[in-house]
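Me: I'm new to this one and would like to go through it bit by bit. Could we start with a single residue and work outwards?

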Amino acid sequence: MRILTSIFTVYLLLQPLTTFSQTLTLEQAAQITLGHNPTIKAAEYNTLAAKRNSQAARGLYAPRITLHGAWIHTQKDIAVDFNPLKPLLSQFDISSLLGLDWSMTIQNRSFGFLEADITIPIFTGGEIIAANRAAQSIFRATSAEEQAIKAEVFTTLVERYFGHIAARQALKVRQQVVNTIAEHLKDAEVMFDNGIATKADVLFLRYRLAEAMQLQSTAENSLKLSHQALQSTIGTDSIGTLTSKLFYLENIGEIDKFKQTAELSNHKLEYAHQMQQAAAQNINISRAAFMPQIAAMGGGAITHKVTNIVPRWAIGVGISFTIFDGTMRERKYQSAKNIYNVAEQKYQAAENDIALLVNSLYNTATDAI
């Protein structure tokens, strides 16, 4: 049933939107619901966010380039002054050197630089690969969740659409009952005036009329509630007159067909499976914390009034490895395995629940035929 709903939803998306003012078919209602229902819109935004996160995770493979610069003005120049040593060397025959200025400015008090650094990951213990796989699994999970939500909303739409039609028909029946009893009461009152009917007959019909009017009022309230519920599902204030007819199926097929479809295509089961895959990748990410991180590095700078002592570029390979972090890595690894166990149990529970739900819905449908 879920796969049929999904096929029908895709069909509706391919149809042009029909503007309605007086009538509304089920197909038009479903198409408008897909574009206006807030629950569906929220699911679509959630899927889009997961897609962007999956795309962002690919950036972990790329080199990281950073650009930073500064203009600095210090209190004074950085200099080295050897003039105080001249008296100690005056005994030597270096009078020509002693006449020189033995101070040297190493760095002017005002200088600036613009530097670019690049870091390329070489080995991360599988963290980048696992992070990308986890992001992809979460994206697929949210996509499956979106389809499941659309299927649920469409199911609700069908129930409320035909429920509103049934409520409208029920009100017509109640109105006919009130009109019929009112006619009988009018005839009974005439007969009572002519001595043909008793007072008890008139009172009984008045009682039945009051009862019928109460049931009519209840039917009117049910019609209003069904109208509001349908508006809420479609996501618009104006729904016009519903024109699709109630239908009846004599045979819905064998239950094995529905079980097989649910096992292969159920969106909630796919969601649970993808979340289990994401949890498995989370274990790999936690395990990568026990491995060294190796990256190639390089950088260069454009300078202004910076001493030539400072190199203008540098390249190298760096490695970092955490020896002790207070058992934080071990705890996160154990937590990741527990989260995977939770996801695995949820997947098994989803399998059992879906099988039970198929049996329950099938029995309900066949009992109604």
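**Charged pairs and beyond**

Reply: Glu44 is a good place to begin, and it counts as partly exposed, with a relative accessibility of 24%. Please keep in mind throughout that this is a predicted model.

Me: ok, and what does the side chain of Glu44 meet in a salt bridge?

Reply: One partner is Lys150, with 3.6 Å from N to O. Because Glu44 lies in helix 3 and Lys150 in helix 6 (residues 127–193), this pair ties together parts that are 106 residues apart in sequence. Glu44 also forms a salt bridge with Lys41, where the closest N and O atoms are 3.7 Å apart.

Me: how far apart are Lys41 and Glu44 along helix 3?

Reply: They are 3 residues apart in helix 3 (residues 38–58), which means that about one helical turn separates them. Lys41 is partly exposed, with a relative accessible area of 30%.

Me: and Lys150, buried or exposed?

Reply: Lys150 counts as buried, since its relative accessibility is 8% and the cut-off for buried is under 20%. Its side chain also meets that of Glu146 in a salt bridge of 3.1 Å, N to O, and Glu146 is buried as well. Those two sit 4 residues apart in helix 6, so about one helical turn lies between them. Through shared partners, the salt bridges join Lys41, Glu44, Glu146 and Lys150 into one network.

Me: how many salt bridges does the count come to?

Reply: The count comes to 7 salt bridges. As a general point, side chains of opposite charge can pair when their charged atoms come close.

Me: switching topic, what about strand 2, how many of its residues are buried?

Reply: Strand 2 (residues 64–73) is hardly covered, and among its 10 residues the count of buried ones is 0. Strand 2 runs antiparallel to strand 5, and 10 bridges join the two; one example is Ala70, whose bridge partner in strand 5 is Phe113.

Me: which residues form that nonpolar patch on the surface?

Reply: The patch is formed by Ile122, Phe123, Met291 and Val317, which together have about 370 Å² of accessible area. Phe123 takes us back to strand 5 (residues 110–123), where it is found, and at 33% relative accessibility Phe123 counts as partly exposed.

Me: now pockets: how much space lies in the second largest pocket?

Reply: About 370 Å³ of space lies in the second largest pocket. Of the 19 residues lining this pocket, Tyr271, Ala272, Met275, Ala343 and Lys346 are the closest to its centre.

Me: which helix gives the most to that lining?

Reply: Helix 9 gives the most, with 8 residues. Helix 6, helix 9 (267–288) and helix 10 (328–368) each supply at least two residues of the lining.

Me: last one, what's the phi of Lys305?

Reply: Phi of Lys305 is near 60°, a positive value in a residue other than glycine. Lys305 is found in the loop between strand 7 (293–304) and strand 8 (313–320), and with a relative accessible area of 49% it is partly exposed. Thr327 likewise has a positive phi, of about 65°, although Thr327 is not a glycine. Thr327 has its place in the loop between strand 8 and helix 10, and at 33% relative accessibility Thr327 counts as partly exposed.

Definitions and conventions: Residues are numbered from 1 along each chain as its sequence is written. This is a predicted model: local features need pLDDT of at least 70, side-chain atom pairs count only at pLDDT 80 or more; totals for chains, interfaces and linings use all residues. Side-chain values use heavy atoms; hydrogens and water are left out. A salt bridge is a side-chain nitrogen of Lys or Arg within 4 Å of a carboxyl oxygen of Asp or Glu. Buried means under 20% relative accessible area, exposed over 50%, partly exposed in between (1.4 Å probe, protein chains only). Patches are made of residues with over 30% relative accessible area and no salt bridge: like charges are joined within 9 Å, nonpolar side chains (Val, Leu, Ile, Met, Phe, Trp, Tyr) within 5 Å. Accessible areas come from the Shrake-Rupley method with a 1.4 Å probe; for residues, only the protein chains shown count as cover. Two strands pair if DSSP finds at least two bridges between them. On a 1 Å grid over the protein atoms alone, a cavity is a set of points where a 1.4 Å probe fits but cannot get out, and a pocket is an open set with protein on both sides within 12 Å along at least five of seven lines; lining residues have an atom within 4 Å of a point. Grid points are joined across faces, edges and corners, and a volume is the space filled by probe spheres set on the points.
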